[in-house]
Amino acid sequence: MSQAPPPLPDAPASSGDGEENKQENDVIVQYVVLRRDLIGTWPLGSLVTQGCHASVSAVWEHRDDPLTVEYCSPDKIDSMHKVTLEVKGEPQILNLAEKLKAGGIAHKLWIEQPENIPTCLATKPYAKSTVSSYFKKLKLCK
C-alpha cells in the first residue's frame, strides 16, 4: 500500500476551514477618494495630481507601518492594489474623513493650498477586510 507524498515544503497546510483562502484573498489595498464635483471643473491632470499627493503622503506618513512596508516591498511594488472612489463633494469628503478618524483608520485628507480646498483622501495601506466597510457605499470613480 503506497502513501501520498508529503506536501511540498512551501505549500501551506490546509485545515479545511477556508481561513487560508480568506487570508490569501485579503490583499493589502490603498483607498483613494476624489470629489466628484471637481471632476470636469478642474483639469483632469490636476485632479489626478491631487490623488497622487494624498496617496504618496499617506504612504510616507506611515512608511514604518508593517503593512506599508509590505505594500511597498520589492516583491510587491509592481502589484500594488488601489481602489479609486468618489464622493459627491466637500461635505461628503469631510464626513468620510471624520468616520475614518473615529474608526482609527489612518488616512490623509489632502487640502490643496493656497486655496485651502479639501480635494482628495487616501488611506494608508490596509488589509482589505479591515477597511472595505468604510467604503462600501461609495462608487468607483469614472
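## A walk from the core to the pockets

Let's begin in the interior of this predicted model. The largest nonpolar core has 16 residues, and those touching the most other members are Tyr31, Val33, Leu96, Leu100, Leu121, Val131 and Phe135. Strand E1 (28–35), strand E2 and helix H4 each supply at least two residues of this core. Helix H4 provides the largest share, with 4 residues.

Leu96 is a good residue to click on next. Once its neighbours within four places in sequence are set aside, Leu96 is in contact with Val33, Val87, Leu121, Tyr134, Phe135 and Leu138. Apart from the largest core lies another one of 8 residues, including Val32, Leu47, Ala58 and Ala122.

With the interior in view, step back to the whole chain. Its secondary structure comes to 5 helices and 6 strands. Read from the N terminus, the elements follow the order α-β-α-α-β-α-β-β-β-α-β. Of the 142 residues in the chain, 32% are buried. How do the contacts between residues at least 6 apart in sequence spread along the chain? Among them, 74% join residues at least 24 apart.

How confident is the predictor in all this? The average pLDDT of the chain is 87, and 82% of the residues score at least 70. Residues 1–22 have a pLDDT below 50, and beyond near neighbours in sequence this stretch has 3 contacts in the model.

Now for the empty space. Rolling a probe the size of a water molecule over the atoms reveals where such space is left. The largest pocket has a volume of about 250 Å³. Its lining is made of 13 residues, with Leu96, Lys99, Tyr134, Lys137 and Leu138 lying nearest the centre. Leu96 thus turns up again: this residue is among the core members that touch the most others, and it also belongs to the pocket lining. Strand E2 (82–87) and helix H4 (90–102) each supply at least two lining residues. Which element gives the most to the lining of the largest pocket? That is H4, with 4 residues. In terms of chemistry, the lining has 5 nonpolar, 3 polar and 5 charged residues.

The second largest pocket has a volume of about 170 Å³. Around it you will find Asp26, Val27, Ile28, Leu67, Glu70, Tyr71, Lys76, Ser79, Met80 and His81. Helix H3 (residues 66–71) gives the most to this lining, with 3 residues. Sorted by class, the lining of the second largest pocket holds 5 nonpolar, 2 polar and 3 charged residues.

To finish, compare two residues of helix H2. Ser55 is found in this helix, which spans residues 44–61, and Glu61 has its place there too. Is Ser55 buried or exposed? Ser55 counts as buried because its relative accessibility is 8%, and the cut-off for buried is under 20%. Not counting residues up to four places away in sequence, Ser55 touches Gln30, Val32, Lys82 and Ala122. Two of these partners, Val32 and Ala122, are also among the members of the 8-residue core.

Glu61, by contrast, has a relative accessible area of 45%, so it is classed as partly exposed. The chain also brings a residue from further along into the picture here: Glu61 and Lys108 are 47 residues apart along the chain, and their C-alpha atoms are separated by 8.6 Å.

Definitions and conventions
Residues are numbered from 1 along each chain as its sequence is written. This is a predicted model: local features need pLDDT of at least 70, side-chain atom pairs count only at pLDDT 80 or more; totals for chains, interfaces and linings use all residues. Side-chain values use heavy atoms; hydrogens and water are left out. On a 1 Å grid over the protein atoms alone, a cavity is a set of points where a 1.4 Å probe fits but cannot get out, and a pocket is an open set with protein on both sides within 12 Å along at least five of seven lines; lining residues have an atom within 4 Å of a point. Grid points are joined across faces, edges and corners, and a volume is the space filled by probe spheres set on the points. Ala, Val, Leu, Ile, Met, Phe, Trp, Tyr, Cys and Pro count as nonpolar, Asp, Glu, Lys and Arg as charged, and the others, Gly among them, as polar. A nonpolar core is a set of buried Ala, Val, Leu, Ile, Met, Phe, Trp, Tyr and Cys residues joined through side-chain atoms within 4.5 Å. Buried means under 20% relative accessible area, exposed over 50%, partly exposed in between (1.4 Å probe, protein chains only). Contact means heavy atoms within 4.5 Å. pLDDT is the predictor's confidence in each residue, from 0 to 100.
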